[in-house]
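Visitor: I would like to learn how to read a few features from a set of coordinates, with a worked case for each. Could you take me through them one by one?

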Amino acid sequence: QISRDVIRLLHGGADPAEIVWAAVEYGAPRADNGWGHAIASATDCLAMIDLYDGDEQALPIVQAIAGIAEVERDRPVNPLPVPADSKQCTLAAFRAAVESEELADAQAVLMGALARGDDADQIAPWFTAVVADHHLSYGHGAIYAQKAFELLELVGWHRAPIVLGHLVATIVRGTREDLLPYIRPFTREMAELDIDDLVTVEVDASWSERDALVDVLLGADRSAPATAVADALRAGAGIDGVLDACVLAASERMLRYDVAGEFDFSDDFGWLDITHGLTYAHAARWHHRKPSAARGDVVRLTFWVAFLANWTGRHEWHTKTNEPAADFDFETADTAAGDDLQRRALLDGTSAFIVAAHAVKTSRAAALESRLLDDPRPLRATARFISAPKLERFVAASVTQSLDFLNGRTVRD
């Protein structure tokens with residue numbers, strides 16, 4: 001029904017952005033604990049519409065709507081609070097409310113700022129700040145903030161209250177992973193650094209140690225990346241230089257991932273975890289390029305990205321896999337343009353929505369990053385991810401991991 005109605009609407013001259021907005025307007029307020037992959041994936045699908053002509057534009061539109069319908073249909077609306085007094089609506093107040101997990105207060109402050117007429121350039125730094133304060137939900141905080149503002153560029157800023165108001169719930173209730181034990185080797189090293197000092201260093205166009213930084217990110221030392229990133233910034237790499245290295249390190253992980261690990265039910269780590277190294281870096285680059293973002297926040301976010309680029313090696317550290325996979329035709333992948341890869345992500349090559357959403361967002365990030373870096377590796381890596389065997393149901397894995405947990409066997413890291 002969705003497919004037929006979308007085509008009818010296109011024949012009637014409807015704007016694709018308005019069609020997708022109807023789904024977002026329905027889905028975002030109904031998402032439990034704030035919106036997530038469904039709205040983010042819809043944003044990428046909407047951005048892919050230009051890859052299609054005529055009736056074929058129905059494919060990305062229907063994929064966007066179907067994802068929202070699958071996860072949000074028939075749920076109750078989560079109401080937004082009354083906007084706070086405009087005098088109280090500051091970045092500091094918003095940040096404090098998010099940090100103390102006072103959801104209604106954080107939403108009210110945001111709604112008040114929007115009601116007084118704050119625009120995207122004024123509000124974007126608020127979200128960069130709160131997604132940089134912590135390594136938030138495996139990078140989802142930064143990624144969803146990027147997608148929210150990209151969506152508003154496509155559907156209009158006047159829709160910010162729905163999009164951003166419900167995104168606040170996602171951020172407030174997100175997992176602050178920098179407070180968990182597994183990240184302590186990195187955070188201990190990071191705590192010794194003077195972030196304010198790193199903020200003042202100018203970019204040196206002659207910096208040429210990107211490959212050395214990639215090597216550290218690909219290593220098994222979980223504290224070394226923090227020092228290496230600081231050294232790179234002091235040497236003039238700039239945030240973009242560090243993010244370039246993170247993109248290439250994550251791509252290398254994807255290229256040599258041993259797919260047998262995908263079906264190791266005792267290990268809660270797989271393709272989707274590794275792809276986050278690429279999409280997190282791409283999101284951080286978006287935050288960095290917003291002129292109104294505070295540089296200190298972006299530097300802190302870049303450290304979290306570097307941590308995840310290194311952490312994508314978690315499975316590899318146990319298998320000792322460090323060579324390109326033998327199950328993939330790299331030569332063929334080199335001939336696939338980024339546009340083709342994005343189209344392929346929409347062709348039902350996956351069954352579970354969560355996997356499909358990752359295919360969509362990773363293909364788009366890879367296309368843009370490969371173009372920026374003039375390097376095929378992100379495209380190659382994503383083409384392999386889309387082609388490779390994947391775990392798409394998680395019942396057996398969940399049972400196995402629950403048995404391990406309740407019998408005192410800890411998850412390896």
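Guide: What follows goes through a pocket, the aromatic rings and the charged side chains in turn. Please keep in mind throughout that this is a predicted model.

Visitor: Let us begin with the pocket. What volume does the second largest pocket have, and which residues are closest to its centre?

Guide: The second largest pocket has a volume of about 460 Å³. Its lining is made up of 26 residues, and those closest to the centre are Gly36, His37, His140, Tyr144 and Ile354.

Visitor: Which helices supply at least two residues each to that lining?

Guide: At least two lining residues come from each of helix 3 (37–47), helix 4 (58–72), helix 8 (140–155), helix 15 (271–288) and helix 20 (353–373).

Visitor: And how is the lining of the second largest pocket divided by residue class?

Guide: The lining has nine nonpolar, 11 polar and six charged residues, with Gly being counted among the polar ones.

Visitor: Now the rings. How many aromatic pairs does the structure hold, and how should I read the geometry of one of them?

Guide: There are 14 aromatic pairs in the structure. One of them joins Phe94 and Phe127, whose ring centres are 5.5 Å apart and whose planes make an angle of 55 degrees. The pair is classed as tilted because stacked planes are under 30 degrees apart and edge-to-face planes over 60.

Visitor: Where do Phe94 and Phe127 lie along the chain, and are they buried or exposed?

Guide: Phe94 belongs to helix 5 (residues 91–99) and Phe127 to helix 7 (residues 120–132), so the pair ties together parts that are 33 residues apart in sequence. Phe94 is buried, at a relative accessible area of 1%, and Phe127 is likewise buried, at 0%. Both residues also belong to a cluster in which ring pairs link Phe94, Trp126, Phe127, Phe149, Trp157 and Trp286.

Visitor: Which charged side chains sit over a ring?

Guide: Two cases can be named here. Arg30 lies over the face of Tyr26, at 3.8 Å from the ring centre, while the charged end of Lys390 sits over the ring of Phe385, 5.3 Å from its centre.

Visitor: That leaves pairs of opposite charge. What is the general idea, and how many salt bridges are there?

Guide: Side chains of opposite charge can pair when their charged atoms come close. In this model the count comes to 24 salt bridges. One of them is formed by Asp32 and Arg75, with the closest N and O atoms 3.8 Å apart. This pair links distant parts of the chain, since Asp32 is in the loop between helix 2 (16–27) and helix 3, and Arg75 is in the loop between helix 4 and helix 5, 43 residues apart. Asp32 is partly exposed, with a relative accessible area of 45%, and Arg75 is also partly exposed, at 34%.

Visitor: How do Asp74 and Asp118 compare, in partner and in exposure?

Guide: Asp74 forms a salt bridge with Arg73, the closest N and O atoms being 3.9 Å apart; Asp74 counts as exposed at 67% relative accessibility, and Arg73 is exposed at 58%. Asp118 meets Arg116 in a salt bridge at 3.0 Å, N to O; here Asp118 is buried, at 9%, whereas Arg116 is partly exposed, at 39%. Elsewhere, salt bridges that share partners join Asp240, Asp244, Arg285, Arg289 and Glu369 into one network.

Notes:
Residues numbered from 1 in each chain as written. Predicted model: local features only at pLDDT ≥ 70, side-chain atom pairs only at ≥ 80, totals over all residues. Heavy atoms only, no water. 1 Å grid on protein atoms, 1.4 Å probe; cavity = no way out; pocket = protein on both sides within 12 Å on 5 of 7 lines; lining within 4 Å. Points joined across faces, edges and corners; volume = space filled by probe spheres on them. Helix = DSSP H or I, 4+ residues; strand = E, 2+ residues; numbered from the N terminus. Phe/Tyr/Trp six-rings, centres within 6.5 Å; stacked < 30°, edge-to-face > 60°. Buried < 20%, exposed > 50% of the residue type's maximum accessible area, 1.4 Å probe, protein only. Lys NZ or Arg CZ within 6 Å of the ring centre and 35° of its normal. Salt bridge = Lys/Arg side-chain N within 4 Å of Asp/Glu carboxyl O.
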